[in-house]
Amino acid sequence: MRTVIAMAMVLAACGTAAPTVTSAPPTTIPPSTTMRPAAVEQLPLCQTAPYVLTDLPEGFDAAATDPNAVERDVHTSVPGTWSAVWAGSAGAPVMALIRGTLPAENWVGTTERVLVAGRQAALGPLPDGVWGVAWFESEARCDLYTLLIYPPGTRDDARRVAESIERR
């Protein structure tokens, strides 16, 4: 008991002591030395997602569009990710599968659980009427996945596509 009281007194004394300020001696950098910011490390691109989408919503073309032909957004423009994008007749994205990141925005409503190729995933609304499904195989960056269904796609479309995904 005496030890506990002694420890309490030491802690109390430490908390009330005036702070000690120390300063290091000034340092000079010789004029011949130059300082450069550290090089920004390039993230390696994730490989093609090992999934096949087998049940696409009505009117979706089974073939993905060249991702460079579609305007990138907050979800598809994350460095180091791999994306497959499906575009509608007007050329706007209607669906995307992204490997290397979870949704870049927070859910704006309630999520529900769905299964993607046997893995638990979250399905929910994202901003601007986008429906997202997110899951991971491990904590490694390239094991994070996001499926997006853009308007006019619905929650039911996102659920049906997600639950039809098969691992290659």
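The legends below accompany close-up views of a predicted model.

**Figure 1. Overview of the protein chain and its order of helices and strands.** The predicted model has two helices and eight strands in its protein chain, and, read along the sequence, these elements follow the pattern α-β-β-β-β-β-β-β-α-β. Of the 168 residues in the chain, buried residues make up 35%. Among the contacts that join residues at least 6 apart in sequence, 52% are between residues at least 24 apart. The chain exposes about 11,000 Å², and carbon and sulfur atoms supply 58% of that area.

**Figure 2. The aromatic cluster formed by Tyr-51, Trp-135 and Tyr-145.** The count of aromatic pairs comes to three. Among them is the pair of Tyr-51 and Tyr-145, which is edge-to-face, with 5.1 Å from centre to centre and 85° between the planes. Tyr-51 belongs to strand β1 and Tyr-145 to strand β7 (residues 144–149), so this pair ties together parts of the chain that are 94 residues apart in sequence. Trp-135 and Tyr-145 form another of the aromatic pairs, a stacked one, in which the ring centres are 5.4 Å apart and the planes are at 10°. Because Trp-135 lies in strand β6 (residues 131–136) and Tyr-145 in strand β7, the stacked pair ties together parts that are 10 residues apart in sequence. Tyr-51 and Tyr-145 are both buried; the relative accessible area of Tyr-145 is 0%, and that of Trp-135, also a buried residue, is 1%.

**Figure 3. Arg-167 over the ring of Tyr-51.** This view returns to one member of the aromatic cluster, Tyr-51, and shows Arg-167 lying over the face of its ring, at 5.5 Å from the ring centre. The tyrosine beneath this arginine is the buried Tyr-51, which also takes part in the edge-to-face pair with Tyr-145.

**Figure 4. The disulfide between Cys-46 and Cys-142.** A search of the whole structure finds one disulfide, formed by Cys-46 and Cys-142, whose sulfur atoms are 2.0 Å apart. The link is left-handed, with -85° about the S-S bond. It connects distant parts of the chain, since Cys-46 is placed in the loop between α1 (2–16) and β1, Cys-142 is placed in the loop between β6 and β7, and the two cysteines are 96 residues apart. Cys-46 counts as buried because its relative accessibility, 2%, is under 20%.

**Figure 5. Surroundings of Arg-72 in the loop between β1 (51–52) and β2 (82–87).** Arg-72 has a relative accessible area of 36% and is therefore partly exposed, a class that runs between 20% and 50%. Its side chain reaches the backbone oxygen of Thr-76 at 2.5 Å. When neighbours within four places in sequence are left aside, Arg-72 is in contact with Pro-67, Ser-77 and Ser-83. The C-alpha atoms of Arg-72 and Ala-92 are 9.9 Å apart in space, with the two residues 20 apart in sequence.

**Figure 6. Ser-83 in strand β2 and the residues in contact with it.** Ser-83, one of the contacts of Arg-72, is placed in strand β2. With a relative accessible area of 9%, Ser-83 is buried, whereas Arg-72 is partly exposed. Leaving aside neighbours within four places in sequence, Ser-83 is in contact with Pro-67, Arg-72, Thr-76, Leu-97 and Ile-98. Pro-67 is thus listed among the contacts of Ser-83 as well as among those of Arg-72, and Thr-76, whose backbone oxygen is reached by the Arg-72 side chain, is likewise in contact with Ser-83.

Notes. Residues numbered from 1 in each chain as written. Predicted model: local features only at pLDDT ≥ 70, side-chain atom pairs only at ≥ 80, totals over all residues. Heavy atoms only, no water. Helix = DSSP H or I, 4+ residues; strand = E, 2+ residues; numbered from the N terminus. Buried < 20%, exposed > 50% of the residue type's maximum accessible area, 1.4 Å probe, protein only. Contact = heavy atoms within 4.5 Å. Polar contact = N/O pair within 3.5 Å; in protein donor to acceptor, adjacent residues only side chain to side chain. Phe/Tyr/Trp six-rings, centres within 6.5 Å; stacked < 30°, edge-to-face > 60°. Lys NZ or Arg CZ within 6 Å of the ring centre and 35° of its normal. Areas by Shrake-Rupley, 256 points an atom, 1.4 Å probe, with all protein chains shown as cover. Disulfide = S-S within 2.5 Å.
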